[in-house]
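Colleague: Please put the model up, and we'll go through it piece by piece.

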Amino acid sequence: MSPSDEIPLRWTTRVGPTSRVSDATVRKGWDDVAGWWVERYTEKGDINREWVIDPALLAIVGDVRGQRILDAGCGNGYLSRILARQGARVVGVDLSPRLLAIAKAYEAQDPLGIRFRQSDLAKLSTIESGAFDLIISNVVLQDVRRLDAALRELHRVLRSDGRLIFSITHPAFDIPPAHWVREPPDSDRAEERPFIAVDRYFDRVALYWGPSGQPELVGFHRPLRDFTEGLRQAGFVIVRLEEPRPLPEAIRRRYRQFADQLRIPNFLMIEARKA
Ligand SMILES: C[S@@+](CC[C@H](N)C(=O)[O-])C[C@H]1O[C@@H](n2cnc3c(N)ncnc32)[C@H](O)[C@@H]1O
């Protein structure tokens, strides 16, 4: 982590109707922010991935040697590379050509045998059924427009008894006006945030978000049940649910950035098995 990580970004969020959002809008959002997005990444991902999400995710994943893994929504491919270095045979799929170009450039520079393809998770028509032992999808499914179709496709391309392990932004706390109340209102100190204000949890809406000064991204807020029911209907059985917290070292080194996540989870993780 660099000293500038201590300066909190100002994020803006707003909601809109889901009917106005197409896959092209989602793709354009990620293409437009690709340069800025990957600047925040090291080979271990951004700070949330490195210090909160991935330690929990990779502990659930376990030994990947020789496994055929789909990194579903691979972005710049940093996780594909971590998995490939551990001996997995990885395919990365994403909607955004710009993020995939970055992933392919890393692969060209330092080949690990990863194949990257552009595809919508809701339509993996170039991938044969049962092609993967394990599917990992890191902070992606909240951004996928056709969630149920994507879960059905992930089920199809997974081998029988294979696992789907995914993280998402926590649906209980991702919907505006959900925000930390600050007292005084201009405080950036974790101690001066008494609680999160949450409302309209059951709405299904498009979420437009991003740091001020950058193009807007669009994802979706859905109640948690949409994920569990989508999994059940696709043919998955949930075997584990985690709400990861920052590693103690993250708290020691960057208390201001991570303290909130000791109180309220930003992310939720599910391990499901193909029944
Ligand atoms: C928050 S980023 C996470 C990327 C990567 N997993 C990571 O952790 O860095 C969400 C990703 O989902 C991708 N995405 C959104 N909708 C998608 C869809 N329908 N099919 C495939 N990828 C999609 C975006 O292009 C973006 O790369």
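Colleague: In which sense do strand β6 and strand β12 pair, and over how many bridges?
Modeller: β6 (residues 158-169) and β12 (residues 267-274) are antiparallel, with seven bridges between them. Strands here are DSSP runs of E, at least two residues, and helices are runs of H or I, at least four, both numbered from the N terminus. Two strands count as paired if DSSP finds at least two bridges between them. This is a predicted model, so local features need pLDDT of at least 70 and side-chain atom pairs pLDDT 80 or more, while totals for chains, interfaces and linings use all residues. Residues are numbered from 1 along each chain as its sequence is written, and side-chain values use heavy atoms, leaving out hydrogens and water.

Colleague: What is the bridge partner of Thr 169 in β12?
Modeller: Phe 267.

Colleague: In what order do the seven strands of the open sheet run?
Modeller: β4-β3-β2-β5-β6-β12-β11, with mixed pairing. β4 (115-118) and β11 (236-242) are the edge strands, each paired on one side only. From one strand to the next the twist averages 20°; angles run from 0 to 180 degrees between N-to-C directions of axes fitted to C-alpha atoms, for helices over the stretch in contact.

Colleague: Which strands does helix α2 lie across?
Modeller: α2 (residues 47-61) lies across β5 (132-138), β6, β11 and β12, at about 20° to β12. Contact means heavy atoms within 4.5 Å. Helix α4 (residues 97-109) lies across β3 (89-94) and β4, at about 165° to β4.

Colleague: Switching to the ligand. Which residues come nearest?
Modeller: Tyr 41, Arg 49, Gly 73, Asp 94 and Asp 120, out of 21 around the ligand, where near means a heavy atom within 4 Å.

Colleague: What does Asp 94 do there?
Modeller: One of its polar side-chain atoms is 2.6 Å from a ligand oxygen. Backbone N or O atoms also approach ligand nitrogens: one of Gly 73 at 2.7 Å and one of Asn 138 at 2.9 Å. Alone the ligand exposes 590 Å², and the protein buries 98% of that (Shrake-Rupley, 1.4 Å probe).

Colleague: Which helix gives the most to the shell around the ligand?
Modeller: α1 (residues 23-39), with three residues.

Colleague: And the three-strand sheet, what order does it have?
Modeller: β1-β9-β10, open, with antiparallel pairing. Its edges are β1 (11-16) and β10 (217-221), and the twist averages 30° from one strand to the next. α1 packs on this sheet, touching β1, β9 and β10, with its direction at about 120° to that of β10.

Note on methods: Polar contact = N/O pair within 3.5 Å; in protein donor to acceptor, adjacent residues only side chain to side chain.
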